[in-house]
Amino acid sequence: MRVVFLGTGSSTPTEDRWLPSVLVNVRGEYLLFDCGEGAQYRVLKAGLRVNKLVAILISHMHGDHLYGLPGLLESLEVWGRREPLHVIGPPGIAEYVEAALARKKLAYPIRVEEAVPGSVLERAHYRVLAVRVEHGIEAYAYALIEEDYPGKFDSAKAEALGVPPGPLRRRLLLGERVVLPDGRVVEPQEVVGPPRRGLKLVYSGDTRPCQSLVDVSSGADLLIHEATFSSEHEAEAQLSFHSTAAEAAEVASKSSVKLLVLTHFSGRYKSVDALLAEARERFRRSYAAEDMLAIELKRWEGDWLVALFTRQR
Ligand SMILES: [Zn+2]
Ligand SMILES: [Zn+2]
């Protein structure tokens, strides 16, 4: 799974931080969480293969998360997209897209769905759940849950047991017991290792720290949580239904996630070092996102997670 932060600011863009948008490549398909202004340029810069974009998921109807959508929809057409696209978001999203496209007929079909808590997207190897969060208006966090990976096939062991390459090995890999031509029975666990757990990513959108987010993030590999303010501005965070970096870290700690990445920083902070420091006091594995940061996530042996941080250029 690969995650690219296209924009990590809030409200209005700054030179360093554009508006919220996170691109995720899961099993070769792309999902876009929120679509701030300029997302279409950043999508291009990130080397997105347009036909692989399956869905755009909008967390809530505030402009900083949304105003990039009309531009991206039209750019996708210019770049040659013809496959259907899903747009998912809170009530009002259908009306918004309809208004944006009132004078334009796209060359590809688009399906707009208003989210309700629960499953909002089911694909062959992953699904996305929506949960309500607390932002003063209807707002959603999204949890992306990958199905488990099959265990490793031990070819040497299969060879030793006399299982010929071909359909018998495929059936064992699918977890079926097989009977060899000489009548011997081979159980799948003799040649296939235990399945490896799929990855789980949670994207908070804008929110106060809340229980629904703690619950849905339980055991997640990566929690992407907004951290608009530092603790110094906690009163402002409460008033505007946002979180401080310390509060985001507390959510990460309560839900025992493996990795926390903070984003959606207020433009008033020239540096977010102080926000990161206050988060790390409460949750050691905290990181601060920056525009075009890419994180490659991989499940290692057992339950270990490997995360590789690079810059997308
Ligand atoms: Zn926002
Ligand atoms: Zn908002």
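## Exercises on a zinc site and a sheet

**Exercise 1.** In this predicted model, work out how the donor residues of the zinc ion (ligand 2) are spaced in sequence, and which parts of the chain the pair His-135 and Asp-206 ties together.

*Solution.* Begin with the spacing, which for the donor residues of the zinc ion (ligand 2) reads H-x1-H-x72-H-x70-D. Next, place two of these residues: His-135 lies in the loop between strand 8 (126-134) and strand 9 (138-146), while Asp-206 lies in the loop between strand 12 (200-203) and helix 7 (211-216), so the pair ties together parts that are 71 residues apart in sequence. Then name the donor atoms, which are NE2 of His-60, ND1 of His-62, NE2 of His-135 and OD of Asp-206, at 2.1 to 2.4 Å from the ion. Finally, note that His-135 and Asp-206 are both buried.

**Exercise 2.** Decide whether the site of the zinc ion (ligand 2) is tetrahedral or irregular, and find which residue coordinates both zinc ions.

*Solution.* The angles among the four donor atoms run from 90 to 170°, whereas a tetrahedral site needs all angles between 85 and 135 degrees; the site is classed as irregular. Turning to the zinc ion (ligand 1), we find it 3.5 Å from the zinc ion (ligand 2), with Asp-206 coordinating both.

**Exercise 3.** Determine which strands stand at the edges of the open sheet of eight strands.

*Solution.* First write the order, 6-5-4-3-2-1-16-17, in which the pairing is mixed. Strand 6 (110-114) and strand 17 (305-311) stand at the edges with a single partner strand each, so one side of each has no neighbour in the sheet. On average, neighbouring strands of this sheet are turned by 20° against each other, direction ignored.

Definitions and conventions
Residues are numbered from 1 along each chain as its sequence is written. Chains are lettered from A and ligands numbered from 1 in the order in which they are written. This is a predicted model: local features need pLDDT of at least 70, side-chain atom pairs count only at pLDDT 80 or more; totals for chains, interfaces and linings use all residues. Side-chain values use heavy atoms; hydrogens and water are left out. Donors are N, O and S atoms within 2.8 Å of the metal (3.2 Å for Na, K and Ca); water is not among the atoms, so sites may look incomplete. Four donors count as tetrahedral if all angles lie between 85 and 135 degrees; four count as square planar and six as octahedral if opposite donors are over 155 degrees apart and all others between 65 and 115; anything else is irregular. Helices (H or I, at least four residues) and strands (E, at least two) are DSSP runs, numbered from the N terminus. Buried means under 20% relative accessible area, exposed over 50%, partly exposed in between (1.4 Å probe, protein chains only). Two strands pair if DSSP finds at least two bridges between them. Axes are lines fitted to C-alpha atoms, for helices over the stretch in contact, and angles run from 0 to 180 degrees between N-to-C directions.
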